[in-house]
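Visitor: I would like a close look at a single part of this model, one helix and the way it is covered. Please take me through it slowly, and then set it beside the rest of the structure.

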Amino acid sequence: METVAVGLRRHQARHEMLRLYHWEPNANSGKPMLALAEKGVSYESHYLDLLKFDQHQPAYLAINPDGTIPAMVHGDRVLTESTPMMEYIDEAFDGPPLKPPSALERWRMRWWMRFFDAYFGPSLSMIGWSVFVGPAARQRDPEELHAAINRIPLEARRIAWRKAIFNEFSAAELDESRRRVIWATGILESHLTTHEWIAGSTYSLGDINGFNLGYALPLSQPAVCNDERTPHIMEWLRRIFERPATRQTWAKGRTGLAARVSMLERHAPAAG
Amino acid sequence: MNPAVLELYHWEPNGFFLKPLIALEEKGASFTSRWFDPTRFEQLDAGFPSNVELRLTLEREGPLLVADGEVISSTFFMLEYIAEAVPGPALMPEAAYDRYRARAWGQFLGLTLGSTTSALGCARYLAPDLARRDGAGLRAQVERIEPMERRAAWLAVIDGGSDETALAALRERLSLPVGRLEASLAQGPWLAGPQYSIADIDAYALVDPLRELAPEALNSAHTPRLLAWLTRIAERPAVRAARARSRSGHPERAFVPGVEPARWG
């Protein structure tokens, strides 16, 4: 009975409108994009340019009043938290399961996703915003920028944007973020030495989450993440990049940000 | 497969420690209670169960569940584990969207109240308690703590836990999560769908202490629905049974450092 009910719900789910509002296949936007690709679910894609503050325009705020990306609308249901959104995608649609069969491995998957989302990610993104998002946004008219910042609904996001745009990160803050990135990279390398995938023996949402966080680590942190120091991370990233769903998702990128993924391409050893 | 042997390492039934106690009582699960006092740093003793996830847990100090020898930390995910692996009444909503809502609450409240409620409670109760102890001996114990973020959380309580300006800033941060909870309860009696779930257990443990720690944020004028919801949960037999495990008679005074506040934004 349970199986029939779940099957019926999934059948109905397939026929409901599905819209995803996202930026580049990167960080939080890339999580639902890659999860949907792995499930083989097609969706109406709405690309928002983060650097043009599309996410703070009234049309989008009507969908997600917090003004954060991504957001997913399925039928009349609105989802705005990217990690729980991935679990929803796995549960609501047919396709290969993206959560491990054992409760213990699901716990481990969730623990690591939180470590990525709340510890590793914020440190990495502070560095990324100081070197990429801030300088890119500073190309625009300062008055327009102030007005754009004032439209940001969440105070925490207003502070983050202000710091990024006006380069207000202190040296101590950036140093601490760099320390955390180095330390967390070591923790991840050690985990992947004893686990094939984040949760254990199966590819899961934990790997999707980690790939979105870390696909560019070898490029942005070349001294920290490379074939000598972190061979298990490098192999794990390459294995994920080889998956058709990953290729398909990163091909949707429009900027150099997503294009960084190409450095994970395996090259045939030189002849001779 | 259901775990055959469950052991819960916990302290007073408050905050993070309260969550799995309620969930296990709701399940009617048989488990071995392993009591420890985190303010005496018993969790650092040799022989205390550990693994990499426990050492790095972002909740800093909290309960741990040992299921057939596997160490499970991080309380919202511990609740999901109990909901999924322990037989008994369902504690996870049935519909996928309601499960999304439960997880979204767990994430949002974990990162907001997980930090703020703990910090307010530590300032009120833990800081004065630590101040009465031998300062040099206490610091020697804290120096052993790894990783450095976990050590820093204790030093923050010892060195500046009751700074009034910092406390006022913390109280201001309550308005976002408390406002959202109150608004959500206008839509229905529980946080994630038609039934009581782990979202309610998780939020209850983080919100209930605020009645005393932040009455200006939580009161019958501003948050009538939230107060009624707290009362509904407090009256559940499982919650009473969990609270009854207190050894001090004042579980509401038991706080240890919690989640680190967001570092930027």
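Guide: In helix α7 of chain A, which spans residues 155-165, the buried residues are A:A160, A:W161, A:A164 and A:I165. Viewed down the axis of α7(A), these buried residues fall within an arc of 120°, and therefore they line one face of the helix. In this predicted model, the buried residues of α7(A) pack against two other helices of chain A, namely α5 and α6, the latter covering residues 142-150. After α7(A) comes A:N167, a residue with a positive phi, near 55°.

That backbone angle deserves a remark, since most residues other than glycine have a negative phi, and most peptide bonds are trans. Chain B offers further cases of the kind. B:F41, although not a glycine, has a positive phi of about 60°, and its place is in the loop between β2 and α2 of chain B. B:F41 has 17 other C-beta atoms within 10 Å and is therefore partly exposed. B:R60, also not a glycine, has a positive phi of about 65° and is found in the loop between α2 and β3 of chain B. With 22 C-beta neighbours inside 10 Å, B:R60 counts as buried, the cut-off for a buried residue being 20 or more.

The peptide bonds have their exceptions too. In chain A, a cis peptide bond joins A:I69 and A:P70, with omega about 5°, and A:P70 sits in the loop between α3 and β3 of chain A. That loop, between α3 (58-61) and β3 (71-74), also holds A:P65, which counts as exposed because it has 12 C-beta neighbours inside 10 Å. From A:P65 to A:I198 there are 133 residues in sequence and, C-alpha to C-alpha, 33 Å in space. In chain B, a cis peptide bond with omega about -5° joins B:E146 and B:P147, and B:P147 lies in the loop between α6 (135-143) and α7 (148-160) of chain B.

To place the helix within the wider packing, we can turn to the nonpolar cores. In soluble globular proteins, nonpolar side chains tend to be buried together. The largest nonpolar core here has 126 residues, and among them B:I82 and B:A203 touch the most other members. Helix α5 of chain A, residues 103-137, supplies the largest share of this core, with 10 residues. A second core, separate from that one, has 8 residues, including A:A137, A:I152, A:W161 and A:I165; A:W161 and A:I165 are also among the buried residues of α7(A). As for B:A203, leaving aside residues up to four places away in sequence, it touches B:W105, B:L109, B:L181 and B:L191.

The strands come next, beginning with chain A. Strand β1 of chain A (residues 18-22) pairs with strand β2 of chain A (residues 44-47) in the parallel sense over 4 bridges, and A:L20 stands opposite A:S45 in β2(A). Between β1(A) and β2(A) the chain crosses through helix α2 of chain A, residues 27-39, in a β-α-β crossover that is right-handed.

In chain B, strand β1 (residues 6-10) is mostly covered, with 4 of its 5 residues buried. β1(B) runs antiparallel to strand β3 of chain B (residues 64-67), and 4 bridges join them; the bridge partner of B:Y9 in β3(B) is B:L64. β1(B) also pairs in the parallel sense with strand β2 of chain B (residues 32-35), over 4 bridges, and there B:L8 stands opposite B:S33 in β2(B). The path from β1(B) to β2(B) goes through helix α1 of chain B (residues 15-27), and this β-α-β crossover is right-handed.

Last comes the contact between the chains, in which 24 residues of chain B meet 30 residues of chain A. On the side of chain B that touches chain A, the elements giving two or more residues are α2 (52-55), β4 (70-72), α3 (75-85) and α4 (96-111) of chain B. Of these, α4(B) gives the most, with 8 residues. By class, this side of chain B has 14 nonpolar, 3 polar and 7 charged residues.

Key. Residues are numbered from 1 along each chain as its sequence is written. Chains are lettered from A and ligands numbered from 1 in the order in which they are written. This is a predicted model: local features need pLDDT of at least 70, side-chain atom pairs count only at pLDDT 80 or more; totals for chains, interfaces and linings use all residues. Two strands pair if DSSP finds at least two bridges between them. A crossover is right-handed if, with the strands pointing away from the viewer, the path from the first strand over the helix to the second runs clockwise. A nonpolar core is a set of buried Ala, Val, Leu, Ile, Met, Phe, Trp, Tyr and Cys residues joined through C-beta atoms within 7 Å. Two residues are in contact if their C-beta atoms, placed from the backbone, lie within 7 Å. The arc is that of the directions from the helix axis to the C-beta atoms. Ala, Val, Leu, Ile, Met, Phe, Trp, Tyr, Cys and Pro count as nonpolar, Asp, Glu, Lys and Arg as charged, and the others, Gly among them, as polar.
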